[in-house]
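Okay, everyone, thanks for coming. I'd like to walk you through one protein chain today, so let me put it up on the screen.

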Amino acid sequence: MAEIEPIADQVTSYFYALLFLRHPALRDLFPAAMDTQRDRLFKALLTAATHADDPATLTRYLTHLGRGHRKYGTLPEHYPAVGEALIGALTRYAPETWGPRTEAAWVSAYTTISQIMIDAATDDELRAPAWWQAEVVAHVMRTKDVAVVTVRPDGPYPFLAGQYTSVETPWWPRVWRHYSFASAPRSDGLLSFHVKAVPAGWVSNALVHRARTGDVIRLGPPAGSMTVDHTSDNGLLCLGGGTGIAPIKALVEDVAQHGRRRSVDVFYGARRDHGLYDIDTMLRLQQSHPWLSVRPVVDDGPVGLLSGGIPQAVREFGPWHSHDAYLSGPPGMIRSGVDTLVGIGIPTHRIRHDAIEELVGATT
């Protein structure tokens, strides 16, 4: 790993060159433009290999990965081709450390990796489709670059508040991006997402500026463990930044639906006050539920709002030792938020957020 990290781009390019040269039919499983997804499969393989001697972590990671790969059309017979390209790339670019023992270790690791993923996909196939078609039934612009998109899936779509899914639009085939559900499960089966258009964001710009009522998108399976433990009486401390308020809102609704009066404290952050696009909704929830407290926070804003960012605001209130913490928002906010929570004494096993790597792009 140390030998190939400085030249990761070359290794990745060679990996895909081998894969597509020897197995050209596999090219159709990938997006037309590879720039935003080029290194994801390769990085996933390396990440999995680093956990080869931690079976529990490896199995959790790869089970999710194997299920998620169904939506790409991945089949068991594709795995040997990927393993062949992986070994070929490592052989070429790690001459100092490569040898018979190293190769045997990587072959063993990849065999384990691929079998766990194949088994997970096979098991999942018995319970759920690889993807769902979902019709856009409402599209509401909340700011010039944030839209609330509501869809109706073509079949039952079981999920938990706090989870997310991957979304593909008809305008960019095979390009998937993650979005959190913006509500707890609803009796009408509708699903809502808060989407912010970002520069060079193919899926986000399509959903915000191009999607209209009647368009059909595709949804992958639900994922994520940022869910409420309803067997606990702990309070909830929720930190939501930007469109990260969407799953926080879903968690609040989930607590309300379960009818237990647990203390829920929400810190809703944005750079400036106009970024608090959903504050009215959150304040209405606060008015309806006496156990809920909502505090808007801005990095720099007018008098009357907490300022200085979410970490500073969290330190000013509390104590939070008896709370379970939930974070959703930009990766930087989550990193600083976790550091703050650990610093004020909340144990890491009571801090929940989506994996950082899943917040910045598509699934592998």
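Before I use a UniProt label, a word on what such a label is: the positions follow the numbering used here, the feature names are shortened, and the annotations may be inferred rather than shown by experiment. Also keep in mind that this is a predicted model.

With that said, UniProt, in an unreviewed entry, puts the feature "domain: FAD-binding FR-type" at residues 129-229. In the model, that span is 9% helix and 38% strand, and its end C-alpha atoms sit 27 Å apart.

Now the domains. The assignment splits the chain into domain 1 (5-126), domain 2 (132-223) and domain 3 (235-359). I'll stick with the pair formed by domain 1 and domain 2, whose C-alpha centres are 28 Å apart.

So what do we find where domain 1 and domain 2 meet? There, 13 residues of domain 1 contact 12 residues of domain 2. People often give the size of an interface as the accessible area lost when the parts come together. For domain 1 and domain 2, the buried area is about 900 Å², with 57% of that from carbon and sulfur atoms. On the domain 1 side, the residues touching domain 2 are 6 nonpolar, 3 polar and 4 charged. Even so, the rule finds 0 salt bridges across this interface, while 2 residue pairs are in polar contact.

Salt bridges do turn up in the model, though: the count is 10. One of them joins the side chains of Glu84 and Arg22, at 3.0 Å from N to O. Glu84 belongs to helix α4 (residues 79-93) and Arg22 to helix α1 (residues 8-22), so this pair links distant parts of the chain, 62 residues apart.

Methods. Residues are numbered from 1 along each chain as its sequence is written. This is a predicted model: local features need pLDDT of at least 70, side-chain atom pairs count only at pLDDT 80 or more; totals for chains, interfaces and linings use all residues. Side-chain values use heavy atoms; hydrogens and water are left out. Domain bounds come from an automatic or database domain assignment. Contact means heavy atoms within 4.5 Å. Buried area is the accessible area (1.4 Å probe) that two parts lose on being put together, summed over both. A salt bridge is a side-chain nitrogen of Lys or Arg within 4 Å of a carboxyl oxygen of Asp or Glu. A polar contact is a pair of N or O atoms within 3.5 Å; within protein, one must be able to donate a hydrogen and the other to accept it, and residues adjacent in sequence count only if both atoms are side-chain atoms. Ala, Val, Leu, Ile, Met, Phe, Trp, Tyr, Cys and Pro count as nonpolar, Asp, Glu, Lys and Arg as charged, and the others, Gly among them, as polar. Helices (H or I, at least four residues) and strands (E, at least two) are DSSP runs, numbered from the N terminus.
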